[in-house]
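I opened my notebook to look up pockets and cysteines, and these are my entries.

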Amino acid sequence: MMRCASCGIAGADEIKLKDCSACKLVKYCGVKCQKDHRPQHKKECKERAAELRDEILFKQPESTHRGDCPICCLPLPIDTDKSTLMSCCCKLICDGCDYANVIREVREKLDRKCPFCRHPVPKSDEEFKRNILKRIDVNDAVAIRQMGGYRNQKGDYDGAIEYFKKAAGLGDLGAHYELSVMYRKGKGVEKDEKKMVYHLEKAAIGGVPFARHNLGCIEEESGRMDRATKHFIIAAKLGYDHSMKAVKAGFNGGLVSKEELAAALRGHQAAVDATKSPQRDEAELARKP
């Protein structure tokens, strides 16, 4: 029978015990008992809470935050130059599908339209921004982050922070990464390492490979090489080249085992291969200068 860790009263129909929200190791009958027991429980609680956090933090994401192209349903490349954001629907379209759509429109002498929602493509930057504003009106997190980036480029850091925070609140992982940069540089906010790491971790857990790599660099600078190596291996398996190089360097330095290197290489190659297709290769060749 479960009992309150402070007063020892047993849980019953009329007495509902609640878990310690941080560690889940003990239960309490009320807030008073939880506060009374805090001095005894604090050390154990912090240690277990950190363990639980690490279980989440170091879990390998199934894919990157960029997701799949909504047309061909293949994973989008990490390289943002190989996809296009459609301002009308805020969908990321891979170059292969975008190029195939352009070729079809040229052959059939059609007006340019979004390959996903068929809305006419914007003919100017102003029209692009108007489309983004329409998406912001319906709480599109991608559009909100996009506007944050625009404000940041213009030096309106307060406005950028406002948009990034709103997008992050709606679950946009890219916005969490942008906030980590703002807190690191002190743009629109005071420099805050804890908040920087918080947003990096949020982004990394969701599959942002460069956020994961940055966490590895932070751990490396702090001398926590085991944690740094874990971050680099996870990001490498998402297809991130910089992290793959870090894993190789770790192997040469004796920090990464032969088995870990082999697994990282296999994961990295599989992630890269998953983003390839004949249609995307054709688009890349066509767009080379």
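I looked up the second largest pocket, a pocket being an open set of points on a 1 Å grid over the protein atoms alone, where a 1.4 Å probe fits, with protein on both sides within 12 Å along at least five of seven lines. I found it lined by 21 residues (each with an atom within 4 Å of a point), of which His65, Arg66, Leu92, Val142 and Arg145 lie nearest its centre. Strand S3 (83–86), strand S4 (91–94), helix H4 (141–153) and helix H6 (173–185) each give two or more residues to this lining, and H6 gives the most, with four. I noted that helices are DSSP runs of H or I with at least four residues and strands are runs of E with at least two, numbered from the N terminus.

I kept in mind that this is a predicted model, in which local features need pLDDT of at least 70 and side-chain atom pairs count only at pLDDT 80 or more, while totals for chains, interfaces and linings use all residues. Residues are numbered from 1 along each chain as its sequence is written, and side-chain values use heavy atoms, with hydrogens and water left out.

Next I looked for disulfides, pairs of cysteine sulfur atoms within 2.5 Å, and the structure holds zero. Why does Cys69 form no bond with Cys94? I found their sulfurs 3.8 Å apart, which is too far for a bond, and Cys69 is buried (under 20% relative accessible area, with a 1.4 Å probe and protein chains only) at 1%. The sulfur of Cys117 is likewise too far for a bond, at 3.4 Å from the closest cysteine sulfur, in Cys88.

Key: Buried < 20%, exposed > 50% of the residue type's maximum accessible area, 1.4 Å probe, protein only.
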